[in-house]
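Colleague: I have a model open and want to go through its interior. Can we begin with the empty space?

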Amino acid sequence: LLASSAASDVYKRQEYLYLGKVKMQISTVLGNGMVLQREVQNPVWGYTRPGEKVQLIIGEHHLETQSDKDGYFEILLPSMKAGGPWEIRLWDTTGRYVFQDVLFGDVFLLGGQSNMELPLSWIWDQVKEELAEIRNEQIRMFDLPKEYDFLKKRELLTQGKWVSACGKDLLAFSAAGYYAAAEIHKKENIPIGLLQTAVGGTPVKAWVSEETIRRQGYYEEELERCRDEKWVENTIAFETEREQCWWNVAKASFEKEIRYHDVINIPGFFTGDLKKYIGSISLKKEFRLQEEDLQIDGIVKLYLGAIVDADIVYINGIKVGDTTFRYPPRLYEVDKSVLHEGINEIVIHMFVMRENGGFMPDKAYELVLPQGRHISLMGEWEAATVERMPYLPDMTFFQYAATGLYNGMLYPLRRQKIKGCFFYQGESNTGVADRYEQEFSAMIGEWRSLWNDPSLPFIYVQLAGFSDGILPSTQTDWAVLRSEQLKAEHNKNVCMVQAYDLGEYNDLHPFDKKGVGHRIALACDSLIYHNSVFFKGPCAVDFAWHRDFVEILFETDTPLTVCDGTDRVHGFQTVDETGRIRNVEAKLKSENEVRVEIDERVKVLMYAWNNYPGQANLYSGSHMPAVPFCRKREE
């Protein structure tokens with residue numbers, strides 16, 4: 001037996017304890033329904049007693065090996081063509097595994113943060129008509145347990161299972177990953193496996209080794225702090241208690257009598273004294289239902305957009321839903337028995353934890369009845385500030401810290417053969433955007449070293465547009481990071497996919513994951529399958545500066561177009577010697593040239609250069625957006 005359950009997920013040689021009765025142990029990524037990489041020799045490996053004879057059967061192949069002095073064994077499967085299902089039997093005198101329904105195809109690692117992790121369940125209301133009947137056993141995903149480790153590189157995964165794109169399991173799929181896989185599967189007609197490693201909120205530093213952190217020198221102090229297990233435990237305990245106490249007080253505040261003394265308009269962010277308010281707020285609104293509204297069976301849906309920060313919602317005194325943080329879409333299903341003819345009352349108990357509370361604009365705030373009737377909940381709500389509370393600091397999310405997820409999630413996967421990586425990340429690095437290219441390129445090199453493949457294909461997504469619900473967008477930190485992402489294309493065998501035009505100014509997690517998946521699949525078709533040439537969009541390659549205009553030549557696969565069908569190009573801005581930013585007019589001059597009107601005071605010309613460049617409308621004929629740029633005037 002292993003020394004302790006805490007050590008059960010670690011089988012490094014010095015930690016593997018043989019007490020005479022050790023059962024064979026393997027990683028959970030080797031399991032029923034797995035997809036293995038076609039046309040390579042996949043290892044089946046694990047730990048058992050030293051000197052054990054380990055045997056494996058797949059089809060007509062009977063293979064065997066002997067574990068080494070530390071109990072490690074590895075058997076290489078024969079190279080297999082795409083297809084299946086196969087059964088693999090693995091055994092020795094200590095244990096036996098039977099892997100059923102095994103497919104061989106192409107396996108892709110999904111990496112990054114929440115926009116890659118985001119499951120189809122999050123956007124199901126928008127895609128269910130398209131996907132409700134999908135049952136594709138040829139597309140499968142393994143969602144890795146979100147585990148970090150600062151002291152050691154883990155050997156085995158101890159949780160997780162393979163699921164197919166069928167029924168309820170489909171809801172768990174990475175949305176961007178699924179759409180990319182579906183398109184690749186349709187074109188290549190082979191099984192597709194996805195290893196889902198993305199974890200929301202993670203910066204690049206979480207996905208590289210200690211060696212890389214120390215070589216770059218940016219996060220050594222953080223690394224040392226996190227290696228102190230007692231400090232980590234105490235921090236988690238303290239912050240958990242602080243968070244729980246805050247919530248206990250805030251929730252208890254609603255138990256007293258509430259007097260509604262104010263009016264708040266929904267949607268919108270709070271203004272005036274409420275802008276800096278932290279604590280609990282109660283809002284109340286009445287709506288009327290007719291007898292016929294309650295005659296049709298079906299699901300009643302309550303849409304409350306996005307609430308900053310958290311909420312508990314009641315209709316006629318009955319709780320219908322709650323959300324504990326700001327980002328998930330508020331869609332609550334309401335049992336029809338909660339409703340009645342005549343006047344109904346909806347109450348939102350709202351929690352603002354860090355100032356700037358409110359209701360995200362341009363979202364749906366309504367009750368939708370089964371027959372399709374929409375009852376608007378926008379406009380005036382009665383409101384009461386219930387309990388003013390202290391600022392609640394963010395928790396220390398240790399999964400964001402340097403090396404943790406590399407050790408806990410990536411390292412245990414290193415023996416799994418993969419075709420390439422799809423990566424969508426960057427939001428959490430905008431604060432240090434100027435060094436993103438350096439950190440990201442080091443991460444790409446790190447992963448290639450880990451998989452012992454210096455040319456491992458790497459496809460990554462440029463940040464989507466987002467301005468935290470504020471228009472017009474004037475901030476540029478995301479634009480700077482997009483530029484750094486573009487620079488990373490100097491690495492060999494990589495491809496950047498643009499997505500700024502697929503974003504939403506009021507949602508950090510834009511719903512159009514199908515568009516992202518489509519562009520990943522197009523890049524994959526070019527970079528990995530070599531069936532086509534991928535163009536990320538028209539790219540400015542030459543600037544002819546004149547006193548009152550600039551002519552810009554673009555490299556593009558198809559003639560330039562403007563998405564609204566005119567010849568007027570929006571999205572260009574200039575900066576003069578005083579720092580003033582102005583929108584300027586531009587027109588298509590030819591199929592690959594744009595003329596921009598400026599004046600002699602202009603020092604900088606920009607295109608799509610802000611966090612949410614929603615006005616930018618220059619595309620190629622193949623529907624790819626022009627690449628953003630910020631260019632100084634050539635004297």
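Modeller: Ala306, Val308, Arg326, Tyr327, Met360, Phe466, Asn506, Asp507, Leu508 and His509 line the largest cavity. On a 1 Å grid over the protein atoms alone, a cavity is a set of points where a 1.4 Å probe fits but cannot get out, and lining residues have an atom within 4 Å of a point. This is a predicted model: local features need pLDDT of at least 70, side-chain atom pairs count only at pLDDT 80 or more, and totals for chains, interfaces and linings use all residues. Residues are numbered from 1 along each chain as its sequence is written, and side-chain values use heavy atoms, with hydrogens and water left out.

Colleague: What volume does the largest cavity have?

Modeller: Grid points are joined across faces, edges and corners, and a volume is the space filled by probe spheres set on the points. With a floor of 30 Å³, the count is 3 cavities. The largest has a volume of about 70 Å³.

Colleague: How many residues in the lining of the largest cavity are charged?

Modeller: Ala, Val, Leu, Ile, Met, Phe, Trp, Tyr, Cys and Pro count as nonpolar, Asp, Glu, Lys and Arg as charged, and the others, Gly among them, as polar. The lining has 6 nonpolar and 2 polar residues. The charged residues number 2.

Colleague: Which strand gives the most to the lining of the second largest cavity?

Modeller: The second largest cavity holds about 50 Å³ of space. Its lining divides into 2 nonpolar, 1 polar and 5 charged residues; among them are Arg580, Arg582 and Arg601. Strands are DSSP runs (E, at least two residues), numbered from the N terminus. The top contributor, with 3 residues, is strand 31.

Colleague: Strand 31 again: which residue forms an aromatic pair with Phe572?

Modeller: The structure holds 34 aromatic pairs. Rings of Phe, Tyr and Trp (its six-membered ring) pair if their centres lie within 6.5 Å; planes under 30 degrees apart count as stacked, over 60 as edge-to-face and the rest as tilted. Take first Phe142 and Trp162: their centres are 5.8 Å apart and their planes at 50°, so that pair is tilted. Phe572 is in a tilted pair too, 4.8 Å centre to centre with 50° between the planes, and its partner is Tyr607.

Colleague: How many residues apart in sequence are Phe572 and Tyr607?

Modeller: Both are buried (under 20% relative accessible area, 1.4 Å probe, protein chains only). Phe572 lies in strand 31 (residues 572-576) and Tyr607 in strand 35 (residues 602-607). The pair links distant parts of the chain, with a separation of 35 residues.

Colleague: Which ring lies under the charged end of Arg435?

Modeller: A charge sits over a ring if NZ of Lys or CZ of Arg is within 6 Å of the ring centre and within 35 degrees of the ring normal. Lys153 sits over Tyr411, 6.0 Å from the ring centre. Arg435 is 3.9 Å from the centre of its ring, that of Tyr218.

Colleague: Which residue in the turn between strand 21 and strand 22 has a positive phi?

Modeller: Strand 21 (residues 365-368) has Tyr365 and Leu367 pointing one way and Glu366 and Val368 the other, all buried. Strand 21 and strand 22 (residues 374-376) pair in the antiparallel sense over 3 bridges, where pairing takes at least two DSSP bridges. They form a hairpin with 5 residues between them. The positive phi, about 100°, belongs to Gly372.

Definitions and conventions. Helix = DSSP H or I, 4+ residues; strand = E, 2+ residues; numbered from the N terminus. Buried < 20%, exposed > 50% of the residue type's maximum accessible area, 1.4 Å probe, protein only. 1 Å grid on protein atoms, 1.4 Å probe; cavity = no way out; pocket = protein on both sides within 12 Å on 5 of 7 lines; lining within 4 Å.
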